[in-house]
Every structure is written in C-alpha cells, then in structure tokens.
Amino acid sequence: TNHAISNGNVILFTGNEPNALRTLGITGVHSVLAIGESFSVTAIISPNGTGTVGGITIDGAGQTIQWSGGSAPTAGASGRDVYTFTFLKTGSGTTDYQVFGAATNYA
C-alpha cells in the first residue's frame, strides 16, 4: 500500500486486514527531507487476528524497522492495532534512515 506523505501522516485502513504481513509504502519524502530531519506516520488497521505491518518503504526503498521491545509485534485478535513510526534521515542515500516502530492494540 503506497501513501503520499503530502496526504497526511495518519493512514486508516477500514476493512479487516486479510494479509499476515503488510508493507507500507511512504512516498514523496526522500527528495524533500534534509539530512537530520524527521517525520512520523501512524497506521491504523483492523488486525483480524492475523494482519500486521511488517515492512516499510520510503519512495520505493526498503527500510529496516527498529521495533519497540526489540521485535515485531503480533496481531491483535480484534479491535484496532495502531502503529506509530518515526523516520530520521541520516544520510543522502535512499536507505539512510533510522526507523523506529511501535504498536498498540485497542480492543
């Protein structure tokens, strides 16, 4: 799923998440962000017991997520899973980002 950051930094998925692992594609970032600048994104999904956000791309380049607690979260059985990601641009390359992720389930 691609999301242009110019459309806002909160992404709400309205259906039950059928995919065990979703990759979020954030676009419109790399060319406008200077080294040392950051931004945040919140993704809200209905996990349906299986759906998770497990990958991130910035303008098509895959990024490594550093998860709160040290590992990727599991899907909530019901309700909404809310993922927050903070991106810090550390260099000029398309993968020169520190990406910090966390998830919380709301029943």
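Start with the open sheet: five strands lie in the order β2-β4-β8-β9-β7, with mixed pairing. Strands here are DSSP runs of E at least two residues long, numbered from the N terminus, and two of them pair if DSSP finds at least two bridges between them. The strands at the edges are β2 and β7, each with a single partner strand, so one side of each is left without a neighbour in the sheet. On average, neighbouring strands are turned by 25° against each other, direction ignored; the axes behind that angle are lines fitted to C-alpha atoms, and angles run from 0 to 180 degrees between N-to-C directions.

Before going further, a word on the source: this is a predicted model, where local features need pLDDT of at least 70, side-chain atom pairs count only at pLDDT 80 or more, and totals for chains, interfaces and linings use all residues. Residues are numbered from 1 along each chain as its sequence is written, and side-chain values use heavy atoms, leaving out hydrogens and water.

Back to the strands. At one edge, β2 runs parallel to β4, with four bridges joining them; Leu-12 has Ile-44 in β4 as its bridge partner. There is parallel pairing around β3 too. Strand β1 (residues 2-4) pairs with β3 over three bridges in the parallel sense, with His-3 standing opposite Ile-26. Then β3 and β5 run parallel, joined by five bridges, and Arg-22 is matched with Val-53 in β5.

What about the packing? The largest nonpolar core has 20 residues, and Phe-39, Phe-85 and Phe-87 touch the most other members. A nonpolar core here is a set of buried Ala, Val, Leu, Ile, Met, Phe, Trp, Tyr and Cys residues joined through side-chain atoms within 4.5 Å. β2, β3, β4, β5, β7, β8 and β9 each supply at least two residues of this core, and the largest share, four residues, comes from β4. Phe-39 is in contact (heavy atoms within 4.5 Å) with residues including Ile-26, Ile-58, Phe-85 and Phe-87, neighbours within four places in sequence left aside.

Finally, look at Ser-78, in the loop between β7 (65-67) and β8 (80-89). Is Ser-78 buried or exposed? Neither: its relative accessibility is 43%, so Ser-78 counts as partly exposed, since buried means under 20% relative accessible area, exposed over 50%, and partly exposed in between (1.4 Å probe, protein chains only). Leaving aside neighbours within four places in sequence, Ser-78 is in contact with Pro-47, Asn-105 and Tyr-106. Asn-105 is 27 residues away along the chain, yet its C-alpha atom is separated from that of Ser-78 by 8.2 Å.
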